[in-house]
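Q: I am a first-year student, and I would like to take a close look at a single part of this protein. Please go slowly and show me how that part fits in with the rest.

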Amino acid sequence: MATKYGAVAIKNDADDINKSRAIEMPDNSAPKCRDPIFAILFIAHLAGMLAMGILHGSFESADSVETELDDDELESAADVLKLIALPCAAFAFIMSLITTAFIIPINTEFVVKASVLSWLCVSIGIMITAAIEIQSYWSFAATGPLVLLSIYYVYRVWYLIPFAAVNLKVALKGMSANWGIYLIATGFTFVTFLWIVGWFYVFNGFLQNHKEISQDAGCFDADGNLNSEDVGCEMDSDDVAQYLGIMFLFLVSLYWTIKVIFNAIRVTVAGVMATWCFDAADASSCCSNAVTSSIARAIILSLGSICFGSLLEAIISALRTIAEMAKAREDADGNKCDAGSILLCILTCILNLLEDIIEYFNQWAYVYVGIYGTSYLESGKRVMDLFRDRGWTALFTTDLASHVLGATTVVVGILSGLLGMAIDSATDKIGVDGYWDSFFVGLIVGLFITHVMMNVIMGAINTVIVCFADAPEKLDDNHPALTQEMAQVWVKIFPECGADELVGKGPKYQAVV
């Protein structure tokens, strides 16, 4: 029975006795809105922020001085945008596309090995340089074990490089065939910047119109120390708690929206990549049906699931920020070893760890949301099944691939900076400190564009692992050569997984998870 579920129609072979584990589809697998209550809460939250912006929004501060840009400054800014930023952005996009579509796939395994070794050399160089600069016994004592640990890490994961390389190769082919997803991801990222500006507009205006909750100038000195004995201080502990409580709510709003946007990109990427794996004819052009339908599913049917997981991330991130603010004030007296500083340091470390765990968990959960359209909790259960069956191999795979994508980002960023210098040299209209200012503009723009594209590929790699684990026969129907290559590598890494039946065999395959 063909079931329309999430990204593609997949045959439900649960009754096939030749399969050790088939894709199990629930009875209510027709597309529908998942976790709708969280989508409603998110939309209501945005409506509330909009209302507050209309009532209180402002960019002005109490002690701000009005300044106006003259015509020359406006013209200079326009020249930087027109002559440097836009050309460098286009260059970075084209170079990243060429690199990922044509250069890296030539010999993906070699590229992964080279990038891992480069990372090792750079890391060791930085550690040794830092130890020499610090010139402390403890710095040299710590550098040795760290260097050995880095070398041991590379040694232990070296055998996984072919596995990471083949998954990267498949992901690159899928994303290159549907490169319109890069444009969507870039557009979503610009929306994030607009949201940050809008959030600041609301937050700043709210504080200016409710000074009684933000008048900490009389209670804290210039160094951030509590001035509890100052008769001019009107804030007591309840006032500080109220201020931090309101700050927490605003931070949740900030992080929640940012993470919803980023996770929407992840869900869209998973839908596009899964469609390419399972229905190649529907995902073979820039703005294919896979791209348009995946973005529609992400922002309509799966919005609730995205908001659910993003809210959990946002709460932890907001708590971590509040803890860091409290720690900064506690450390302002210069004593970082008192009980308060130590406790806040421990709390900050715990929250950082929780934030990283939830972030990593969610990046896999949203792969299942994008492929199958499952709810957030159901997707989380499938993530736990994946790690139960495959351990931490998926973690090492994405980590190894990240070295390649990180190196690509740096190289394209530097080339974009050099292009900015060349444009400045040719026009002689922008640079004021030699050509370095144009280089840094081009560098930042290039890093931004390339980083967004590399994040898309990272999400595609995760999707490839899930698709091959869940439905290798569907992948083989659409991409037989790549499937054979993946099967050969999987058999070497997981001899017990059953993928050996994929290698040079007929149409019946054993699921690999």
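In which helix is Leu482 found?

A: Leu482 is found in helix α15, which covers residues 480-493, and since the model is a predicted one, everything that follows describes a prediction. Leu482 has a relative accessibility of 11%, and because buried means under 20%, this residue counts as buried. Setting aside residues up to four places away in sequence, Leu482 touches Lys169, Val170, Lys173 and Trp276. The pairing with Lys169 spans a long stretch of chain, for Leu482 and Lys169 are 313 residues apart in sequence, while their C-alpha atoms are 8.8 Å apart in space.

It helps to set this pairing against the whole chain. The protein chain has 513 residues, of which 49% count as buried, and its secondary structure comes to 15 helices and two strands. If one takes the contacts between residues at least 6 apart in sequence, 77% of them join residues at least 24 apart.

From Leu482 the view can move to helix α5, which runs over residues 161-177. Helix α5 has 17 residues and reaches 24 Å from its first C-alpha to its last, close to the 24 Å expected at 1.5 Å a residue. This helix is mostly covered, with 14 of its 17 residues buried.

Asn178 follows, in the loop between α5 and α6. With 0% relative accessibility, Asn178 counts as buried, because the cut-off for that word is under 20%. Among the residues that Asn178 touches, leaving out those up to four places away in sequence, are Val272, Trp276, Cys286 and Val291. Trp276 is therefore a residue that both Leu482 and Asn178 touch.

The wider setting can be described through the core. The largest nonpolar core has 120 residues, and those with the most contacts inside it are Leu168, Met175, Tyr182 and Ile371. Helix α7, residues 237-278, gives the most to this core, with 22 residues.

Phe248 also belongs to helix α7, although Phe248 is partly exposed, with a relative accessible area of 23%. Apart from residues up to four places away in sequence, Phe248 touches Ile315, Ala318, Leu319 and Ile322. Phe248 and Arg320 are 72 residues apart in sequence, and their C-alpha atoms are 9.9 Å apart in space.

Helix α9, residues 303-330, holds Glu313, and Ser310 lies in helix α9 as well. Ser310 counts as buried because its relative accessibility is 0%, and Glu313 counts as buried because its relative accessibility is 3%. Not counting residues up to four places away in sequence, Ser310 touches Trp256, Lys259, Val260, Asn263 and Tyr366. Glu313, with its neighbours within four places left aside, is in contact with Lys259, Asn263, Ile358, Glu359 and Asn362, so that Lys259 and Asn263 appear in the contacts of both Ser310 and Glu313. Glu313 and Glu355, which are 42 residues apart in sequence, have C-alpha atoms 6.5 Å apart in space.

Glu359, a contact of Glu313, leads on to the largest pocket, where about 830 Å³ of space lies. This pocket is lined by 32 residues, and the closest to its centre are Arg266, Glu359, His451, Asn455 and Met458. The lining divides into 15 nonpolar, 12 polar and five charged residues. Helices α6 (180-209), α7, α10 (339-372), α12 (393-427) and α13 (436-470) each supply at least two residues of that lining.

Helix α13 gives the most to the lining of the pocket, with 10 residues. Helix α13 is also mostly covered, as 27 of its 35 residues are buried. Its length can be checked by a short piece of reasoning: at 1.5 Å a residue its 35 residues should span 51 Å, and because its end C-alpha atoms are 51 Å apart, the two values agree.

To return to the starting point, Leu482 is a buried residue of helix α15, and its contacts include Lys169 and Trp276.

Key: Residues numbered from 1 in each chain as written. Predicted model: local features only at pLDDT ≥ 70, side-chain atom pairs only at ≥ 80, totals over all residues. Heavy atoms only, no water. Core = buried A, V, L, I, M, F, W, Y, C linked by side-chain atoms within 4.5 Å. Buried < 20%, exposed > 50% of the residue type's maximum accessible area, 1.4 Å probe, protein only. Helix = DSSP H or I, 4+ residues; strand = E, 2+ residues; numbered from the N terminus. 1 Å grid on protein atoms, 1.4 Å probe; cavity = no way out; pocket = protein on both sides within 12 Å on 5 of 7 lines; lining within 4 Å. Points joined across faces, edges and corners; volume = space filled by probe spheres on them. Nonpolar A, V, L, I, M, F, W, Y, C, P; charged D, E, K, R; others polar. Contact = heavy atoms within 4.5 Å. Expected span 1.5 Å × (residues − 1).
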